[in-house]
Amino acid sequence: MTVISLQHVTKDYGHGRGIFDVSFNVEKGTVYGFLGPNGAGKTTAIRHIMGFSKPQQGIVTVNGLDSWTNASTIQEKLGYLPGEVALPENLSGEQFIQMMMDLRKVKDDTHCKKLIDFFELDASGKIKRMSLGMKRKLAIVTAFMHDPDVLVLDEPTSGLDPIMQQRFIDFVKEEKKRGKTILLSSHIFTEVDATCDEISIIKDGHLISSFNKQELLKMTEKVFNLTVQNAMHYTQLVQMIESNAAIHLLFKNEQTNELQVGCYPGDLPQLIKLLADFPISSFNEVPFSLEKHFMEFYDRRVGGELAWQ
Ligand SMILES: Nc1ncnc2c1ncn2[C@@H]1O[C@H](COP(=O)(O)OP(=O)(O)OP(=O)(O)O)[C@@H](O)[C@H]1O
């Protein structure tokens, strides 16, 4: 079931800025990664989903409702964490939480308390005296205190330290397990890699690639580092790999008897069979990197034109 849908959405701010003919669907229970460099159009697309902005062309719906004409219903139901949050500086964190609970008509504070503990939020002091990270945690707690079914997160980990960034990734994974539908915008590959099922890349306002993470993994070459125990077997193994079309020799070092080999997932049994006859002293997989994959993809497609940052 489609929860969030953008169909041919255009918002042209002039001079090539904005979003152009953007289409994608976020299905129920999935985490959708919206990945792109600064200024790519992520916030613009999200503002249309939240009903803050009216598309010049195309249609945006959430749970089948047009986002622009049903903006207040959508804003009430969704959990939205904006990229930049403006908080009332003169209130204490606790006062702000209470105010948001009243506004959202949240009667039971169990979920809110869980979030406060999970993100280690100290809400006792005045907001104006809080660090940037603490303000961000306060924004997180108030955005999700009503335990929404759909979460829209715009660059959610900006301003958080590495430990809290990891905590946020754990939070997204937990929410996914609880059946939530999540749209997460980010310019950080590792964050998207760690959490998302479906990923779209946006650049200069255009969606340039959309894919399913598991499908991508099935189609991507797996890479392994290995060391052979002695020079004689090392030479023999190199020869065998070089004469095998399914296994690719990516790197070799005859001083240390180390090799790097690659093969597609379907050819793994061949690789294992081949290695079984050799004295191998170390063997490990080089983890898949979304960033590396995409840099290579663009090197091949458009001559490395993807200036990310
Ligand atoms: N209201 C506006 N009027 C004019 N130009 C705008 C407006 N809002 C955004 N833009 C421009 O549209 C482009 C896309 O901006 P947007 O904020 O959507 O990017 P983003 O991918 O969210 O970037 P970031 O990661 O830096 O937040 C940018 O060039 C931005 O300057």
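# Questions about a predicted protein model

Student: How many of the residues of α1 are buried?
Tutor: Good place to start, and keep in mind that this is a predicted model. Helix α1 is mostly covered. Of its 8 residues, the number that are buried is 6.

Student: Which residues of α1 are buried, and what is the phi of the glycine that follows α1?
Tutor: The buried residues of α1 are Lys42, Thr44, Ala45, Ile46, His48 and Ile49. After the helix comes Gly51. Its phi is positive, near 80°.

Student: Which element gives the largest share of the shell around the ligand?
Tutor: Let's look at the shell first: 13 residues surround the ligand, and the closest are Tyr13, Asn38, Lys42, Thr43 and Thr44. Two elements give two or more residues to this shell, β2 (17–27) and α1 (42–49). The largest share is 3 residues, and it comes from α1.

Student: How many residues of the shell around the ligand are polar?
Tutor: Sort the shell by residue type. You will find 2 nonpolar and 2 charged residues in it. The polar ones number 9.

Student: Why are the buried residues of α4 on the same side?
Tutor: The buried residues of α4 (residues 110–118) are Cys112, Leu115 and Ile116. They lie on the same side of α4 because the arc they cover around the axis is only 100°. As a general rule, an α-helix has 3.6 residues a turn, so residues three or four places apart point the same way. For α4, then, the value to remember is an arc of only 100°.

Student: Which helices do the buried residues of α4 pack against, and which exposed residues are on the face turned away?
Tutor: Take the buried side first: its residues pack against α3 (93–103) and α5 (132–144). Now turn to the face of α4 that points away from the buried side. The exposed residues carried there are Thr110 and Asp117.

Student: Which residue just after α4 takes a positive phi?
Tutor: Look just past the end of α4. The phi there is about 50°. The residue that takes it is Glu120.

Student: Which residues of β13 point to the buried face?
Tutor: Follow the side chains along β13 (residues 258–263), and you will see them alternate. Glu258, Gln260 and Gly262 point to one face and are not buried. Those on the other face, which are buried, are Leu259, Val261 and Cys263.

Student: How many bridges does β13 make with β11, and how many with β12?
Tutor: Both pairings are antiparallel. With β11 (residues 222–228), where Val223 has Gly262 of β13 as its bridge partner, there are 6 bridges. With β12 (residues 248–253), where Asn253 stands opposite Glu258, the number is 5.

Student: Which residue in the turn between β12 and β13 has a positive phi?
Tutor: These two strands form a hairpin, with 4 residues between them. One residue in the turn has a positive phi of about 60°. That residue is Asn257.

Student: What distance separates the centres of domain 1 and domain 2?
Tutor: The domain assignment gives domain 1 (2–217) and domain 2 (221–286). For scale, the C-alpha atoms of the protein fill a box of roughly 75 × 45 × 35 Å. Taken over C-alpha atoms, the two centres are separated by 44 Å.

Student: What percentage of the residues of the protein count as buried?
Tutor: Now step back to the whole chain, with its 11 helices and 14 strands. The protein has 309 residues. The share that counts as buried is 30%.

Terms used:
Residues numbered from 1 in each chain as written. Predicted model: local features only at pLDDT ≥ 70, side-chain atom pairs only at ≥ 80, totals over all residues. Buried ≥ 20, exposed ≤ 12 C-beta atoms within 10 Å, placed from the backbone. Near = placed C-beta within 6 Å. Nonpolar A, V, L, I, M, F, W, Y, C, P; charged D, E, K, R; others polar. Domains from an automatic or database assignment. Arc of directions from axis to C-beta. Contact = placed C-beta atoms within 7 Å. Pairing = 2+ DSSP bridges.
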